[in-house]
Amino acid sequence: MTLKTIVTAGVLTALGATTALADVKVGMITTLSGGGAGLGIDVRDGFMLAVEQSGRDDIEVVIEDDQRRPDVAVQLADRMIQSDDVDVLTGIVWSNLAMAVVPSAVAQGKFYLSPNAGPSALAGRGCDQNYFNVAWQNDNLHEAAGAYANDAGYTNSFILAPNYPAGQDALTGYKRLYEGDLSGEVFTQLGQTDYAAEIAQIRASGADSVYFFLPGGMGISFLKQYADSGVDIPVVGPAFSFDQGVLQAVGEAALGVRNTSQWSKDLDNAANVAFVESFQAEFGRLPSLYASQGFDTANLLISAMDVADVDDQDAFRTALEAADFDSTRGDFAFASNHHPIQDIYVREVILEGDVYTNAIIATALTDHSDVYAAECQF
């Protein structure tokens with residue numbers, strides 16, 4: 001089914017000025033069905049919560065389900081650009097879909113604000129002045145995990161991830177800062193649910209730690225099977241594999257696991273405290289990392305709309321670059337390639353009442369950017 005949300009158009013008087021700025025039409029393409037639907041739903045809900053809280057009537061948002069299929073995502077993007085005449089696109093969770101959609105969208109003069117996927121190909125030589133990533137560059141949380149593994153004294157990691165752009169970036173990122181040896185390195189199938197063979201390899205590998213990136217349902221399947229296997233080697237992961245939606249499905253098997261993230265519900269800043277409270281009140285669940293990123297993406301867009309007309313692309317781009325909004329992460333800025341500069345934390349899975357969640361225990365990296373920015377030439 002197709003979900004369309006329309007916030008009716010109107011006129012904004014920005015910062016006391018009398019000049020009417022153009023309405024903005026947003027095309028959100030995200031995953032709302034099948035495997036990984038929870039991630040897209042959280043991106044959507046976070047984004048729309050920020051729009052609702054802004055009280056604006058000059059934003060129209062059209063939301064479509066990409067079904068986690070690149071061909072569907074491309075068809076939707078083409079229609080939104082050519083028929084719906086959107087000004088800004090957003091929403092994509094998966095890096096293979098981003099690679100299918102973003103280059104064409106920006107080539108047609110549209111802004112793309114990524115609330116999640118940050119493939120290395122779009123951060124370096126494939127960057128574009130109209131592409132902004134509001135989440136991270138894919139390698140970042142994995143780099144932080146490699147740094148944490150050093151601090152934890154791990155010297156022989158077994159690492160695995162799905163064989164698609166984000167998975168490749170994940171293992172590259174981990175190895176960039178990890179100083180130990182590898183007892184194994186495996187790429188699994190995207191969408192895989194049976195990990196018996198990989199767990200057998202881990203058992204026989206002699207590893208002192210396991211690092212894995214398996215987002216959504218893949219991570220749920222792996223963690224449950226790993227816990228049932230009796231293998232007693234500590235696991236480390238990025239936030240994607242230990243996020244709020246995943247944890248409730250995994251349950252006790254995730255308790256005590258350390259993971260890396262640039263956001264956590266216990267970050268103590270006013271914007272985040274208000275976001276967590278309002279999201280829970282609106283949707284009856286704790287927000288996930290993906291929800292926080294959707295929320296920040298909408299607020300970035302709104303901050304640009306406050307000072308610039310989307311039809312004046314140079315001015316609107318400059319307003320986006322300023323990132324003049326209160327992020328759920330606290331301090332937030334863009335590097336020269338329009339990817340974030342931000343702190344990345346180590347979290348531990350805990351039980352609060354009957355809810356599994358995360359608590360920050362350390363800071364892994366401070367004011368961290370990505371290695372690809374030097375290759376980006378606008």
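Hi everyone, let me start with a bit of vocabulary: a helix crossing is called right-handed if the near helix is turned clockwise from the far one by less than a right angle, and left-handed if the turn is anticlockwise. With that in hand, take helix α6, residues 196-205, and helix α7, residues 217-229. Their crossing is right-handed.

Before going on, please keep in mind that this is a predicted model. The average pLDDT for the chain is 93, and 95% of the residues reach at least 70. The part to treat with care is residues 1-19, where the pLDDT is below 50. That stretch still has 45 contacts in the model beyond near neighbours in sequence.

What does UniProt list for residues 24-349? An unreviewed entry there gives "domain: Leucine-binding protein" for that span. In the model, the span is 43% helix and 19% strand, and its end C-alpha atoms are 40 Å apart.

Back to α6 and α7, then. Their axes come within 10 Å and cross at roughly 50°. Angles from 35 to 65 degrees fall in the oblique class, so α6 and α7 are oblique to each other. On the α6 side you'll find A196, I199, I202 and R203, and they meet F222, Q225, Y226 and S229 of α7. Sorted by class, this contact has five nonpolar residues, two polar and one charged.

Now for helix α10, which takes part in two pairings I'd like to show you.

The partner in one pairing is α1, residues 37-54. The axes of α1 and α10 come within 7 Å, crossing at roughly 40°. That angle makes α1 oblique to α10, and the crossing is right-handed. There is a long list of residues here, so I'll just name some. From α1 they include L39, D42, V43, G46 and F47, and among their counterparts in α10 are Y290, A291, G294, F295 and L301. How does the contact of α1 with α10 divide by class? There are twelve nonpolar residues, six polar and one charged.

The other pairing is between α10, residues 289-305, and α11, residues 313-322. Here the axes come within 8 Å and cross at roughly 130°, which means α10 is oblique to α11. This crossing is right-handed too. Which residues make the contact? From α10 we have L300, L301, A304 and M305, and from α11 we have F316, A319 and L320. By class, the contact of α10 with α11 has seven nonpolar residues, with no polar and no charged ones.

If you have the structure open, have a look at L301 of α10: this residue is in the contact with α1 and also in the contact with α11. Thanks for listening, everyone!

Note on methods. Residues numbered from 1 in each chain as written. Predicted model: local features only at pLDDT ≥ 70, side-chain atom pairs only at ≥ 80, totals over all residues. Heavy atoms only, no water. Axes fitted to C-alpha atoms, helices over the stretch in contact; angles between N-to-C directions. Helix = DSSP H or I, 4+ residues; strand = E, 2+ residues; numbered from the N terminus. Parallel < 35°, antiparallel > 145°, perpendicular 65-115°, else oblique. Contact = heavy atoms within 4.5 Å. Nonpolar A, V, L, I, M, F, W, Y, C, P; charged D, E, K, R; others polar. pLDDT = per-residue confidence, 0-100. UniProt positions renumbered as here; feature names shortened; annotations may be inferred.
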